[in-house]
Each structure stands twice: as C-alpha cells, then as structure tokens.
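Thanks for making the time this morning. I would like to take you through one model, and I will start with its pockets before turning to the core and the aromatic rings.

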Amino acid sequence: EEEEEATLRELRIFLREICAKLARNRTFYIFTKPVDEEEVPDYREIIKEPMDLESMMTKIDKHEYECAQDFLHDIDLICTNALEYNPDRNPEDKVIRHRACTLRDTAYAYIKAEMDTDFEEKCRGIRDNR
Ligand SMILES: COC(=O)N1C[C@@H]2C[C@@H]3O[C@]2(Cc2nccnc23)C1
C-alpha cells in the first residue's frame with residue numbers, strides 16, 4: 001500500500017547515504033567496484049557471488065533491498081568473498097582481510113547508530129509479507 005511505499009522510499013534514501021559514506025572511505029577503495037575479470041582471471045572460478053559497493057548502490061535503485069538486514073547481507077558477502085579469495089599469510093592478503101573486516105564492522109556500526117529499530121522492524125514486516 002501507499003504507506004509501505006513511503007517507508008521503502010525512506011529506506012532507500014538511508015541506505016544510499018550509508019553506501020556512499022562507505023564508498024568515500026579510501027580504506028574501502030578495493031571494495032567500491034567489481035574485481036576486474038581481465039586483471040584477475042580466476043576470481044569468478046573461486047568466488048561464485050561477487051559483490052561490491054557500486055553494485056549495491058545499483059541494487060538500492062532497483063528496489064532490491066526491503067530492509068537494512070538485506071543490505072547488510074550483501075556487505076557480509078563482500079567481506080566473506082575477500083576472506084575466501086585472499087586467505088594466505090602474506091602481507092597483501094592480510095591487509096585486504098583486515099580492510100574487509102573493517103568494512104563489515106563499520107557498516108554494522110553506522111546502521112546501529114543511525115537506524116531506528118522500529119523503522120527496521122516496519123521494513124522487515126513489509127518484506128516478510130510480500
Ligand atoms: C576485493 O578485491 C579482491 O579480493 N581482490 C583480489 C585480487 C587479488 C589482488 O587484489 C585483487 C585485484 C588484483 N589485481 C591484480 C593483481 N592482484 C590483485 C583484489
């Protein structure tokens with residue numbers, strides 16, 4: 001109904017600001033765009049569901065998130081993909097894993113700090129009844 005559409009519009013505005021703030025942080029630069037298939041030819045043999053912040057911004061605009069939990073699920077995917085593709089003890093892998101965990105923790109902290117729990121519950125109700 002119309003009130004639900006108003007709620008989802010407000011959710012999209014909120015999620016765009018969170019996504020933009022994460023993408024502005026240079027620590028997360030490596031997560032802002034899809035991993036380049038030509039630069040990294042084996043990436044999609046190992047990672048079955050690639051995800052990045054630019055793709056998430058597109059998903060917001062296509063109304064693919066109905067609550068913050070669904071948005072955080074894709075943040076978790078960015079993180080687990082990085083942990084799985086970069087598992088080794090060498091410094092480069094350790095740096096990208098640390099950045100991935102920082103992205104995840106920062107996203108959860110922003111949403112906890114800036115999202116009303118009643119609003120998220122209302123969004124969950126819309127999602128679960130569709
Ligand atoms: C989220 O990003 C990643 O998981 N990766 C893994 C790839 C391995 C390494 O870093 C990445 C890009 C790259 N390109 C050329 C040579 N080596 C690399 C980014």
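How do the residues of the lining of the largest pocket divide into nonpolar, polar and charged? Before I answer, please keep in mind that what you are looking at is a predicted model. The lining divides into 13 nonpolar residues, 3 polar ones and 4 charged ones. The pocket itself has a volume of about 430 Å³, and of the 20 residues that line it, those closest to its centre are Ile-30, Lys-33, Pro-34, Val-35 and Asp-36. As for the helices, the largest share of this lining comes from H4, which gives 4 residues.

The second largest pocket has a volume of about 170 Å³, and its lining divides into 5 nonpolar, 2 polar and 4 charged residues. If you want to find it on the screen, look for Ala-68, Gln-69 and Leu-72, then for Tyr-108, Ile-111 and Lys-112, and finally for Met-115, Asp-116, Thr-117, Glu-120 and Arg-124, which together line this pocket. H4, H5 and H6 each supply at least two residues of that lining.

Let me step back to the overall fold. The protein has 6 helices and 0 strands, so that the order of elements from the N terminus on reads α-α-α-α-α-α. Taken along the principal axes, the C-alpha atoms fill a box of roughly 50 × 25 × 25 Å. Of the 130 residues, 35% count as buried, and among contacts between residues at least 6 apart in sequence, 69% join residues at least 24 apart.

Now to the interior. In soluble globular proteins, nonpolar side chains tend to be buried together. Here the largest nonpolar core has 32 residues, and those with the most contacts inside it are Leu-22, Phe-31, Leu-53, Met-56, Phe-71, Ile-75 and Ile-111. The elements that give two or more residues to this core are H1 (2–24), H3 (53–61), H4 (68–85), H5 (91–114) and H6 (117–128), with the largest share, 8 residues, coming from H4. To take one of these core residues, Leu-22 touches Phe-28, Leu-53, Ile-75, Leu-103, Thr-106, Ala-107 and Tyr-110, if we leave out residues up to four places away in sequence.

Finally, the aromatic rings: a search of the whole structure finds 2 aromatic pairs. In one of them, the rings of Tyr-43 and Tyr-85 have their centres 4.9 Å apart and their planes at 55 degrees, and because edge-to-face requires over 60 degrees, this pair counts as tilted. The pair links distant parts of the chain, with Tyr-43 in helix H2 (residues 43–46) and Tyr-85 in helix H4, 42 residues apart. Are these two tyrosines, Tyr-43 and Tyr-85, buried or partly exposed? Tyr-43 counts as buried, at 7% relative accessibility, whereas Tyr-85, with a relative accessible area of 21%, is partly exposed, because the cut-off for buried is under 20%.

The other pair is formed by Tyr-65 and Phe-71, and it is edge-to-face, at 5.6 Å centre to centre with 75 degrees between the planes. Tyr-65 counts as buried at 5% relative accessibility, and Phe-71 is buried with a relative accessible area of 0%. Phe-71 also brings us back to the interior, since it is among the residues with the most contacts inside the largest nonpolar core.

Definitions and conventions:
Residues numbered from 1 in each chain as written. Predicted model: local features only at pLDDT ≥ 70, side-chain atom pairs only at ≥ 80, totals over all residues. Heavy atoms only, no water. Core = buried A, V, L, I, M, F, W, Y, C linked by side-chain atoms within 4.5 Å. Buried < 20%, exposed > 50% of the residue type's maximum accessible area, 1.4 Å probe, protein only. Contact = heavy atoms within 4.5 Å. 1 Å grid on protein atoms, 1.4 Å probe; cavity = no way out; pocket = protein on both sides within 12 Å on 5 of 7 lines; lining within 4 Å. Points joined across faces, edges and corners; volume = space filled by probe spheres on them. Nonpolar A, V, L, I, M, F, W, Y, C, P; charged D, E, K, R; others polar. Phe/Tyr/Trp six-rings, centres within 6.5 Å; stacked < 30°, edge-to-face > 60°.
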